[in-house]
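Hi everyone, thanks for making time this morning. I'd like to walk you through one structure, so let me put it up on the screen.

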Amino acid sequence: MKAIVITSPGGPEVLQIQDVEDPVIKEDEVLIKVEAGALNRADTIQRKGSYPPPKGASEYPGLECSGTIEAVGSQVSRWKIGDQVCALLSGGGYAEKVAVPAGQVLPIPPGVSLKDAASFPEVACTVWSTIFMMSQLSAGETLLVHGGSSGIGTFAIQMAKYLGVKVFATAGSEEKLSACKDLGADLCINYKTEDFVARVKEETGGKGVDVILDNIGASYLQRNLDSLNIGGRLFIIGFMGGTVTQVNLACLLARRLTVQAAGLRSRSPENKAEIVSEVEKNVWPAIAAGKVKPIVHKYFPLSEAAEAHQLMESSTHIGKILLVP
Ligand SMILES: NC(=O)c1ccc[n+]([C@@H]2O[C@H](COP(=O)([O-])OP(=O)(O)OC[C@H]3O[C@@H](n4cnc5c(N)ncnc54)[C@H](OP(=O)(O)O)[C@@H]3O)[C@@H](O)[C@H]2O)c1
């Protein structure tokens with residue numbers, strides 16, 4: 001099969017399409033003939049050499065895909081050859097075929113094309129497992145999403161609105177803010193020209209938001225804590241603003257705040273299967289009802305993975321970038 005190989009750590013140009021061995025499935029896995037794979041910011045970090053695949057995972061990049069099942073392991077009962085599916089991967093999505101544990105596979109949500117379904121597994125599992133399963137974000141509360149126009153952000157805005165949450169989003173341009181507004185965000189803040197803490201306070205009568213989904217980390221930590229209501233929960237999923245900082249902890253005690261962080265890729269297959277099952281139960285109905293839509297910015301042929309990475313690193317995209325073998 002053809003796959004994108006990281007020929008050495010470096011810029012987008014190190015991504016090259018090559019002929020490689022087909023993956024071999026284990027008893028509890030299925031083989032998917034890939035219709036589309038989607039990019040995630042983590043793929044760019046893996047390409048640079050700082051985010052190696054977990055033990056046992058494919059060496060090729062790609063954390064999610066959609067496609068048709070081509071083979072099933074002897075212990076797999078739910079899926080059969082010919083089923084159209086999408087899947088959460090530990091790697092290997094930038095390829096014509098990928099092997100994946102059966103528990104990380106999902107049916108194509110009704111109303112979504114086989115190709116566009118590739119845009120859902122990673123964002124749905126990340127957002128559902130963090131702010132919903134762990135931070136217990138619920139109807140009537142207020143959420144602040146940083147990077148509202150990102151793959152993660154465009155999904156989080158739609159899902160939170162579907163569940164009756166008031167949503168504030170930050171982004172770095174008027175075009176991105178307008179996209180967040182169209183997805184249902186109640187308040188859109190240009191973090192380049194406005195102070196998001198002041199805007200959050202102004203809109204909440206000085207109280208702050210209940211939950212924050214944060215992809216920035218260190219450089220936002222104090223300001224995120226300053227933006228939380230009593231009992232507020234900060235969930236950190238990325239470190240685009242660094243990992244080391246100093247904060248005043250007094251507000252954690254005074255306002256009973258919780259700070260959590262989690263990564264999806266390093267979780268065990270059993271844990272990923274639990275999350276995938278919760279996503280099918282809680283998120284798939286929202287997609288089937290047309291309330292959460294795939295937001296695809298651009299499709300690239302698999303052979304143009306380098307160009308796709310350049311686009312992601314330019315941060316001019318809104319939503320997901322897909323690779324089509
Ligand atoms: N922990 C996990 O399991 C997990 C899983 C998936 C993703 N993630 C993380 O989630 C984040 C989003 O991932 P993605 O794949 O959706 O990436 P993406 O589509 O490339 O989006 C990243 C966005 O971050 C925004 N950004 C950069 N600096 C910002 C700032 N200072 N304030 C607000 N926004 C800023 C950029 O938009 P602007 O132009 O608005 O700046 C960009 O659109 C990444 O950090 C990724 O590593 C974590």
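I'll go through the domains, then the sheet, then a helix pair, and finish with the ligand.

Before anything else, please keep in mind that this is a predicted model.

Let's begin with the overall layout. The chain splits into domain 1, which takes in 2-123 + 265-324, and domain 2, which covers 135-261. Taken over C-alpha atoms, the centres of the two domains are 27 Å apart. Where they touch, domain 1 contributes twelve residues and domain 2 contributes eleven residues. On the domain 1 side of that contact you have six nonpolar, two polar and four charged residues.

Now for the sheet. Six strands form an open sheet with parallel pairing, and the order reads β10-β9-β8-β11-β12-β13. At the edges sit β10 (187-190) and β13 (258-261), each of which pairs on one side only. From one strand to the next, the twist averages 15°. If you zoom in on β12, residues 228-236, you'll see that β12 pairs with β13 in the parallel sense over four bridges. Here Arg 233 faces Thr 258, the latter in β13.

So what lies across β8, β11 and β12? That is helix α2, which runs at about 145° to β11.

Helix α2 has a helical partner as well. Residues 121-132 make up α2, and this helix packs with α8, residues 269-282, at an angle of about 90°, the axes being 9 Å apart. An angle like that makes α2 roughly perpendicular to α8. From α2, the contact uses Ala 124, Cys 125, Trp 128 and Ser 129, while α8 brings Ile 275, Val 276, Glu 278, Val 279 and Asn 282. Sorted by class, the contact of α2 with α8 holds six nonpolar, two polar and one charged residues.

Last stop, the ligand. Which residues come nearest, of the 28 around the ligand? They are Gly 147, Ser 150, Gly 151, Gly 172 and Gly 238. Our friend α2 turns up here too: the elements giving two or more residues to the shell are α1 (41-47), α2, α3 (151-162) and β9 (166-171). By class, the shell divides into ten nonpolar, 15 polar and three charged residues. Both domains take part, with at least three residues of the shell coming from each of domain 1 and domain 2.

That's the tour from my side, and I'm happy to go back to any of the views.

Methods. Residues are numbered from 1 along each chain as its sequence is written. This is a predicted model: local features need pLDDT of at least 70, side-chain atom pairs count only at pLDDT 80 or more; totals for chains, interfaces and linings use all residues. Axes are lines fitted to C-alpha atoms, for helices over the stretch in contact, and angles run from 0 to 180 degrees between N-to-C directions. Angles under 35 degrees count as roughly parallel, over 145 as roughly antiparallel, 65 to 115 as roughly perpendicular and the rest as oblique. Two residues are in contact if their C-beta atoms, placed from the backbone, lie within 7 Å. Ala, Val, Leu, Ile, Met, Phe, Trp, Tyr, Cys and Pro count as nonpolar, Asp, Glu, Lys and Arg as charged, and the others, Gly among them, as polar. Domain bounds come from an automatic or database domain assignment. A residue is near a molecule or strand if its C-beta atom, placed from the backbone, lies within 6 Å of it. Two strands pair if DSSP finds at least two bridges between them.
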